Amino acid sequence: MSDEDLNRGLEGIRVAETRLSDIDGEAGVLTVGGFPVDELARNATYEESVFLLFEDRLPSADELAEFRADLAGRRAIGDEVRAVLQRAAEEEKPAMDALRMGAAAANLGAGEEDPEADARRVIAVFPTVVATYWRYREGDEPVEPREDLRHAANYLYMLNGEEPDEAAVRGLETYLNTVIDHGLNASTFTARTVVSTESDVVSAATAAVGTLKGPLHGGAPGPVLDMLRSIHESGDPEGYVHEKLEAGERLMGFGHRVYRVRDPRAAVLEAAASEFYDEAGDSDFFETITEFEDVAVEVLAEHKPGRDLETNVEFYTAALLDGVGVPKELFTTCFAVSRVGGWTAHALEQLDDNRLIRPLSSYVGDRDRSWTPVDER
C-alpha cells in the first residue's frame, strides 16, 4: 500500500456521530452543545455546560441546583490519595503525571455499574487532585473543598487558600466553558476508544489525561506566558518576532491543526482577558499582548505565506489563566479540569450506541522468514 492510500493520523476520517461539538475549521466556527462557543462561554457556569453535554439541554434552576450539589458532594479525596499526591510533589513529578495518578487513586471506591456516576466523580475530583498536588509542591497543606462554592470558584479557593473574587471566577469559568469540548481531538478519541472496549469511564478519563500530556495536544501555554512577559518587559514586540523567525524558531500561540483562520476560542478568551485586566487595573500588560498579536500575525503572513498561522487558543489562555491566579505549571492540568467534562460526555455517548473502535494498519515488514535456533545465530 502506498502512502497515498494511508490516512496518517486519521486526518479527514469520520469515525463517530456526536451531538456534543462541531468544528468548521475553514470558517473558524466552534459549536458546543448547539451553542456558538462565545454564547456558551460568556453566559454559562461550568456546571451548566457539563449538564448540557450530558443531557443535550440546559437545566432548570432546580435541576442546576441539584446537579451542582451532586458534583460538590463528590469533591473530597481520602488520605491515601493525598499520600500519592504528596509523594508526587516531593519527587517533583510533572503536574499531569500527578493528575493521572491522583485521579485513578481517587476512584478506588468508585463502581463501574453506573457510568454517569463515575463521570460525575472524575469531573468533581479533578480540581481537588490538581490543587492538592500543587499545595504540596509549594510546601503548603491542602485546602479542603467547599460544597457551597461553585466548581470554578472552589478550584481557585483550593489552589490559593482564599475565596476568589467574582472577576477571577468569571474569567476562569469562561475558560473552562470555552475548552470543554473540541471535536474528536486526540484525548477525546482516546476516551471513546477506551470505553468502546466496554471499559469504565474512570479508565477513559485517565487515559485521556495521558494523551493530553503530550505537547502536540496539550500545547504550551506556560511558555507562551513566559514569551508574553518577556515581550512586555522589552517593549519591542516586532523585534521579538523577527528575532525568533530569523533564528528558525516557532512562534508559540499561533497556528492550529484544524483552523485556517483565527481560532474562535481565542476571540472568546481575548474578551474575557480584556475584561479581567481592565478590572484588575493591569491594562498595560494586556495592551502589550494585543499589540504583539497584531504584529506577529502580520509578520508571520510575510515570512510564511499560505501557512494560515493565526492566533490559537494557547495565546489568550496564558494571559487569562495567569491573571486569575492559576500558576503556569498548572496550565495544562487546568485544560484537563475543563476538558474532562467533554471526555466523559463523549464516553457516555459512545456507550449509548457502542461499537468497538478497531482501525486497520498496513504491514510493511518482512514475510516468510525462517527460524534460526539461537545457537546458530
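A residue is called buried here when its relative accessible area is under 20%, and that cut-off is worth keeping in mind for the first stop of this tour through a predicted model.

**The small sheet**

Begin by selecting strand E2, residues 29–32, and show its side chains. They alternate along the strand: Leu-30 and Val-32 point to one face and are buried, whereas Val-29 and Thr-31 point to the other face and are not. Widen the selection to the open sheet, in which 3 strands follow the order E1-E2-E3 with antiparallel pairing; strand E1 (21–24) and strand E3 (35–36) are the edge strands, each pairing on one side only.

On the E1 side, the antiparallel pairing with E2 runs over 4 bridges. Ser-21 has Val-32 of E2 as its bridge partner, and Asp-24 stands opposite Val-29 of E2. Between these two strands the hairpin has 4 residues, and Gly-28 takes a positive phi near 70 degrees.

On the E3 side, 2 bridges join E2 to its antiparallel neighbour. Here Thr-31 stands opposite Pro-36, while Val-32 has Phe-35 as its bridge partner in E3. This second hairpin has 2 residues between the strands, and Gly-33 in it takes a positive phi near 60 degrees.

**Two domains**

Next, colour the chain by its division into domain 1, which covers 30–218 + 328–352, and domain 2, which covers 221–324. The C-alpha centres of the two domains lie 26 Å apart. If you select the residues where they meet, 19 residues of domain 1 are in contact with 20 residues of domain 2, and the domains bury about 1600 Å² between them, with 76% of that area on carbon and sulfur atoms.

**The nonpolar core**

Now select Phe-126, Leu-172, Tyr-175 and Phe-292, the residues with the most contacts inside the largest nonpolar core, which has 113 residues. Helix H6 (residues 115–137) supplies the largest share of this core, with 12 residues. Because domain 1 and domain 2 both give residues to the core, it lies between them.

Centre the view on Leu-172 and ask what surrounds it: which residues is Leu-172 in contact with, leaving aside its neighbours within four places in sequence? They are Ala-152, Tyr-155, Leu-156, Leu-321, Val-324 and Cys-334.

**Thr-128 in helix H6**

Move to Thr-128, which lies in helix H6. Is Thr-128 buried or exposed? Its relative accessibility is 2%, so Thr-128 counts as buried. With sequence neighbours within four places left aside, Thr-128 is in contact with Arg-75, Ile-77, Pro-145 and Met-158. To gauge distance in the viewer, draw a line from the C-alpha atom of Thr-128 to that of Arg-42: these residues are 86 apart along the chain, and the two atoms are separated by 24 Å.

**Helix H15**

Finish with helix H15 (residues 283–303), whose 21 residues should span 30 Å at 1.5 Å a residue; the end C-alpha atoms are 30 Å apart, so the model agrees with that expectation. Select its buried residues, which are Phe-285, Phe-286, Thr-288, Ile-289, Phe-292, Glu-293, Val-295, Ala-296, Val-299 and Leu-300. Then display what these residues pack against, namely helix H12 (221–234), helix H13 (237–246), helix H14 (264–280) and helix H16 (313–324). Phe-292 returns in this selection as a buried residue of H15, having appeared earlier among the residues with the most contacts inside the largest nonpolar core.

Key
Residues are numbered from 1 along each chain as its sequence is written. This is a predicted model: local features need pLDDT of at least 70, side-chain atom pairs count only at pLDDT 80 or more; totals for chains, interfaces and linings use all residues. Side-chain values use heavy atoms; hydrogens and water are left out. The expected span of a helix is 1.5 Å times one less than its number of residues. Buried means under 20% relative accessible area, exposed over 50%, partly exposed in between (1.4 Å probe, protein chains only). Contact means heavy atoms within 4.5 Å. A nonpolar core is a set of buried Ala, Val, Leu, Ile, Met, Phe, Trp, Tyr and Cys residues joined through side-chain atoms within 4.5 Å. Domain bounds come from an automatic or database domain assignment. Two strands pair if DSSP finds at least two bridges between them. Buried area is the accessible area (1.4 Å probe) that two parts lose on being put together, summed over both.
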